There are 2 protein chains.
Amino acid sequence: MVDAQTMVHAFSEAGYRLTGPRVALAKLIAAQGGHFTAEALLAESQRRRLGLGRATIFRSLDVLAGLGLVERLDLPSGEHAFVACEPAHHHHIVCSVCGRAEEVGDHGLRALATAVERSTGFSVDTHRLELYGTCPACQKRRPS
Amino acid sequence: MVDAQTMVHAFSEAGYRLTGPRVALAKLIAAQGGHFTAEALLAESQRRRLGLGRATIFRSLDVLAGLGLVERLDLPSGEHAFVACEPAHHHHIVCSVCGRAEEVGDHGLRALATAVERSTGFSVDTHRLELYGTCPACQKRRPS
DNA sequence: GGCTTATTGCGACTCAGTCTCGATAGTGCT
DNA sequence: AGCACTATCGAGACTGAGTCGCAATAAGCC
């Protein structure tokens, strides 16, 4: 998780203006537990009367994604969601019960990519790995 | 790659009716080299005057995805695409130059999932891995 | 051939995300 | 503080993917 402060700093550090809407959005994102959709942020901002426009939310999310503070992910349902995260290479595991997301290190994926390069002849540029499962808390609460 | 025959059989085998539109669509899919979007199929079917409706294409694609003969994938651009493939667990590597997709075996991903389970406490249900790179042919044609 | 019902195509509809544009407000300078 | 410059904003129109409802059609079965 990343707090609002960090995001706010990142904005100005990268040469973007530090505007009210951006600060409000940073707080909103920091308040989200796990992954969230643009639509959810929009709804929440309306509920709180923050007056953020749809376009502003999408634009800021784009900027944050560019800065690596937020990552797009595609849920199995096909929805597009986001998670707040540190700007380093990693992947996420998403709890399908509560939606909480956690960062996951490399764990040998790099080796896997190399193995694939060798066996297919492709050169691998990027990859996306998303894991879905149940987090410890939800396992305890509802042992399936 | 999967040929039209296989898909056609799979339809009837699974208890679906073997209709003209479905056969036409199967051929269309088999003719696609790599990944393709629903929109591309629609456009192609119009070009060939096959008279397939938008809804029909989406519905059949859903069915095929359910049968595992086609897999949804999300391109880095955010587009939703599909690839024809064998109904077994595997992943894809997609060439970002020509769009050709190839199937990739497990290569130790299972072990990675276990490592993640151990380190996070999550229990992993599913995952999606997509690799993007350049295929041998495109590397040769345009050595970057 | 006739019956049943899954499937189709059409067109209206929804919903996420983008675009345009005039208004607003950071930021840097004086 | 006051000012100018311009990035950014909000509202709402717009777009394009995907879905839905329904009457017409055509598989599969007798």
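So, helix H5 of chain B: H5(B) lies across E3, E4 and E5 of chain A together with E5 of chain B, and H5(B) runs at about 130° to E5(B). Keep in mind that this is a predicted model.

Okay, what's the sheet underneath? It's an open sheet of six strands, with mixed pairing. Reading across, the order goes E4(A)-E3(A)-E5(A)-E5(B)-E3(B)-E4(B). At the edges you have strand E4, residues 101-104, of chain A together with E4 of chain B, and each of those pairs on one side only. From one strand to the next, the twist averages 25°.

Chain A's helix H5, residues 109-120, packs on the sheet too. H5 of chain A touches E5 of its chain A along with E3, E4 and E5 of chain B, and its direction makes about 130° with that of E5(A).

Now the pairings. Where do the two chains join? Strand E5 of chain A, residues 123-134, is linked to E5(B) by 11 bridges, and the two run antiparallel. If you want a pair to click on, take Thr126(A), whose bridge partner in E5(B) is Tyr132(B). Within chain A, strand E3, residues 91-95, and E5(A) pair in the parallel sense over four bridges. There, try Ile93(A), which has Leu131(A) as its bridge partner in E5(A).

On to the interface as a whole. 34 residues of chain B are in contact with 34 residues of chain A. On chain B's side, strands E3, E4 and E5 plus helices H5 and H6 each supply at least two residues. The largest share, 12 residues, comes from E5(B). By type, that side of chain B divides into 16 nonpolar, 13 polar and five charged.

And the symmetry? Chain B superposes on chain A by a rotation of 180° with 0.0 Å of shift along the axis, RMSD 0.1 Å. So the two copies are related as by a two-fold rotation axis. In chain B, the C-alpha nearest that axis belongs to Leu129(B), at 2.2 Å. The same surface serves both copies, with 100% of chain B's contact residues recurring in chain A.

Last bit, the DNA. Which residues are closest to DNA strand D? Of the 24 that surround DNA strand D, the closest are Gly53(A), Thr56(A), Leu18(B), Ala55(B) and His80(B). Helices H2 and H4 of chain A, together with H3 and H4 of chain B, each supply at least two residues of that surface. H4(A) gives the largest share, five residues. Split by type, the surface near DNA strand D has eight nonpolar, nine polar and seven charged residues.

Technical notes. Residues are numbered from 1 along each chain as its sequence is written. Chains are lettered from A and ligands numbered from 1 in the order in which they are written. This is a predicted model: local features need pLDDT of at least 70, side-chain atom pairs count only at pLDDT 80 or more; totals for chains, interfaces and linings use all residues. A residue is near a molecule or strand if its C-beta atom, placed from the backbone, lies within 6 Å of it. Ala, Val, Leu, Ile, Met, Phe, Trp, Tyr, Cys and Pro count as nonpolar, Asp, Glu, Lys and Arg as charged, and the others, Gly among them, as polar. Copies are superposed by least squares on the C-alpha atoms of residues with pLDDT of at least 70 in both. Two residues are in contact if their C-beta atoms, placed from the backbone, lie within 7 Å. Two strands pair if DSSP finds at least two bridges between them. Axes are lines fitted to C-alpha atoms, for helices over the stretch in contact, and angles run from 0 to 180 degrees between N-to-C directions.
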